[in-house]
Amino acid sequence: MGGHRKSSAPSPPRSAPPPSRLSRFWSSATRSRALPPPSDAPAARTPLAGDSSLVRRLGLFDLVLLGIGASIGAGIFVVTGTVARDAGPGVTISFVLAGASCVLNGLCYAELASRFPAVSGGAYLYTYTAFNELTAFLVFAQLMLDYHIGAASIARSLASYMVTMLELFPFFKDNVPSWIGHGGEEFLGGNLSINMLAPIVLAVLTVILSQGVKESSALNSIMTATKVIIVIFVIFAGAFEVDVSNWSPFAPNGAKAILTGATVVFFAYVGFDAVANSAEESKEPQRDLPLGILGSLLVCVLLYIGVCLVLTGMVPYKFLGEEAPLAEAFTSKGMKYVSILISIGAVAGLTTTLLVGLYVQSRLYLALGRHGLLPGVFAKVHPTRHTPIHAQVWVGVVASILAGLFNVRVLSHILSVGSLTGYSVVSACVVVLRWNDKSANENSSRWISSWQEGVLSLFIVACSGFVAGLCYRVDAPLVFSLAAVIVALLASVALQYRQVYTRAASFSCPGVPIVPAICIFFNIFLFAQLHYEAWVRFIILSIITVGVYAFYGQYHADPHADETIVYHRVPVEVQ
């Protein structure tokens, strides 16, 4: 009828245009790990030769000693007195307040440590699961810079204390060159500072850690026990010299001095998070990790309080020394032998702090090596010793170079950024993972999802803490600080009543979301008290980290790379 119809063949489907670099970066940066259900608990088995997992040798007592070893260094003999010069006997309250804050942070760590599969990673792993890959990498970078500089600084202090003990013998008195251990021999206007003993100490500890967790745990247990026994002896010996009239007035400079003291001594408790990084080597991680974290914190609180009461009771706070207040207090009472014990305790304390710090660093590198965010060499585990030997040697070499060539103690004012940001993110992880399953997709018809609203509320709490901290720091009118507190309270109320929460299957942090919100507020409040150079360090390191991720991490990362290790290849101790 009017000509035939031309049949047209179907055109081939157009291939989708390749994703842009920005979209690929965003897709990679926002991916996360899935939190397995409790039923996916790892099955215990005997490690095989060539196994890529670690060995379960740490019991509850080992974990408590690990936390104490990481938290209490030589500072217990020094920081107590230096803060007491301003806060008076009220320094005891400063330690109580700081300890209470750390216990709240510890509750957050305890829930996540018991909820996650027993695998290395700690705060980095929690962030990877609750938020995303890039945020986790940023947390790792901030923590790791703290650990690297901190390890080098502690090694120098340990070398100095060791030389001081040697000089108790007449043969060594004034005969040890400065380049051996006391400070260091400076060159190039002080830019280089040679110290030979610090790298030797680091090399010895690295060898011990590379031998296996059993050997390093034994050394930590011996040194921590020595340190705790000396502290207890100091408390009891000093108790007989206490004059209770020295405790009056209890707060000579008012409540603000006590609160300022709390912001300073908070860092004396930092280290308990090391327990969470030992999950893969814990015999009963779901049960023992929460108890290890909280148990070590409570022991530290009691020891610090005891030292504070004895110190301020022995000597009026106005006459406390600055360099070695506790040793000087006993010397003034004719008990010079106690000063020698304090030096031994300081060596033991610094040794355990350094040992645990190197241990934690290697486990974090192990986790990132497994996930591809760092080269795979860091993920290699020794086939018979079951230690991440490449990561362990790396952190030892980095610390040795820093400690041997540079006076890193001058960088101490840029430390603690990683700890405070890490603690804050961990607290946020507790909240996010509680409502992640139920409410992430609720009310999706709104302009903002429930999950986004919750994260925004957490961010507002953090910003309010920073504003309140700044106002406190510059002595701004009280009304500004109160306004920041009110904003944080409103955000916390939104978290409480506009989200649906599940209950953790194992250990459960009480008072979610209020307790984590308090932790975030106070941690960022403390962040605002740090030296401004610490803020600059935070920004610069974050930019560098994003660059490393953009050029390397996003192309090699695999969030599920270690699932076989996590759920099927976690060994138990060989009997």
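What follows is a working chat about the pockets, cavities, salt bridges and backbone features of a predicted model.

Q: Before we start, what kind of model is this, and how are the residues numbered?
A: The model is predicted, with local features needing pLDDT of at least 70 and side-chain atom pairs counting only at pLDDT 80 or more, while totals for chains, interfaces and linings use all residues. Residues are numbered from 1 along each chain as its sequence is written, and side-chain values use heavy atoms, with hydrogens and water left out.

Q: OK, how much space lies in the second largest pocket?
A: The second largest pocket holds about 750 Å³ of space, and the residues closest to its centre, among the 21 that line it, are Val-425, Phe-459, Ala-462, Ile-524 and Phe-538. On a 1 Å grid over the protein atoms alone, a pocket is an open set of points with protein on both sides within 12 Å along at least five of seven lines, a cavity is a set where a 1.4 Å probe fits but cannot get out, and lining residues have an atom within 4 Å of a point. Grid points are joined across faces, edges and corners, and a volume is the space filled by probe spheres set on the points.

Q: Which helices supply that pocket's lining?
A: H6, H14 (417–439), H15 (450–473), H17 (514–527) and H18 (532–556) each supply at least two residues, and the largest share, 6 residues, comes from H15. Helices here are DSSP runs of H or I with at least four residues, numbered from the N terminus.

Q: And what's the chemistry of the lining, in terms of nonpolar, polar and charged residues?
A: The lining of the second largest pocket divides into 15 nonpolar residues, 6 polar and no charged; Ala, Val, Leu, Ile, Met, Phe, Trp, Tyr, Cys and Pro count as nonpolar, Asp, Glu, Lys and Arg as charged, and the others, Gly among them, as polar.

Q: Switching to enclosed space, how many cavities are there of 30 Å³ or more?
A: The structure holds 4 cavities of 30 Å³ or more, and about 90 Å³ of space lies in the largest cavity. Its lining takes at least two residues from each of H2, H8 and H12, with H8 giving the largest share, 4 residues.

Q: How does that lining divide?
A: The largest cavity is lined by 7 nonpolar residues, 3 polar and 1 charged, and the lining includes Asp-62, Asn-220 and Tyr-359.

Q: What about the second largest cavity?
A: The second largest cavity has about 50 Å³ of space, and the elements that give two or more residues to its lining are H4 (91–115) and H5 (122–130). H5 gives the most, with 3 residues, and the lining divides into 10 nonpolar, 1 polar and no charged.

Q: New topic: how many salt bridges are counted?
A: The count comes to 7, where a salt bridge is a side-chain nitrogen of Lys or Arg within 4 Å of a carboxyl oxygen of Asp or Glu. One of them joins Glu-133 and Arg-31 at 2.8 Å, N to O, and this pair links distant parts of the chain, with Glu-133 in helix H6 and Arg-31 in the loop between H1 (21–29) and H2 (60–71), 102 residues apart.

Q: Is Glu-133 buried or exposed?
A: Glu-133 counts as buried because its relative accessibility is 0%, whereas Arg-31 is partly exposed at 25%; buried means under 20% relative accessible area, exposed over 50%, and partly exposed in between, with a 1.4 Å probe and protein chains only.

Q: Which residue does Arg-363 pair with?
A: Arg-363 meets Glu-281 in a salt bridge at 2.7 Å, N to O; Arg-363 is in helix H12 and Glu-281 in the loop between H9 (254–265) and H10 (285–314), 82 residues apart. Arg-363 is buried at 1% relative accessibility, and Glu-281 is buried at 0%.

Q: Last one, where are the cis peptide bonds?
A: The bond from Ser-248 to Pro-249 is cis, with omega near 0 degrees, and Pro-249 lies in the loop between H8 and H9. Another cis bond joins Val-512 and Pro-513, with omega about 10 degrees, and Pro-513 is in the loop between H16 (478–497) and H17.
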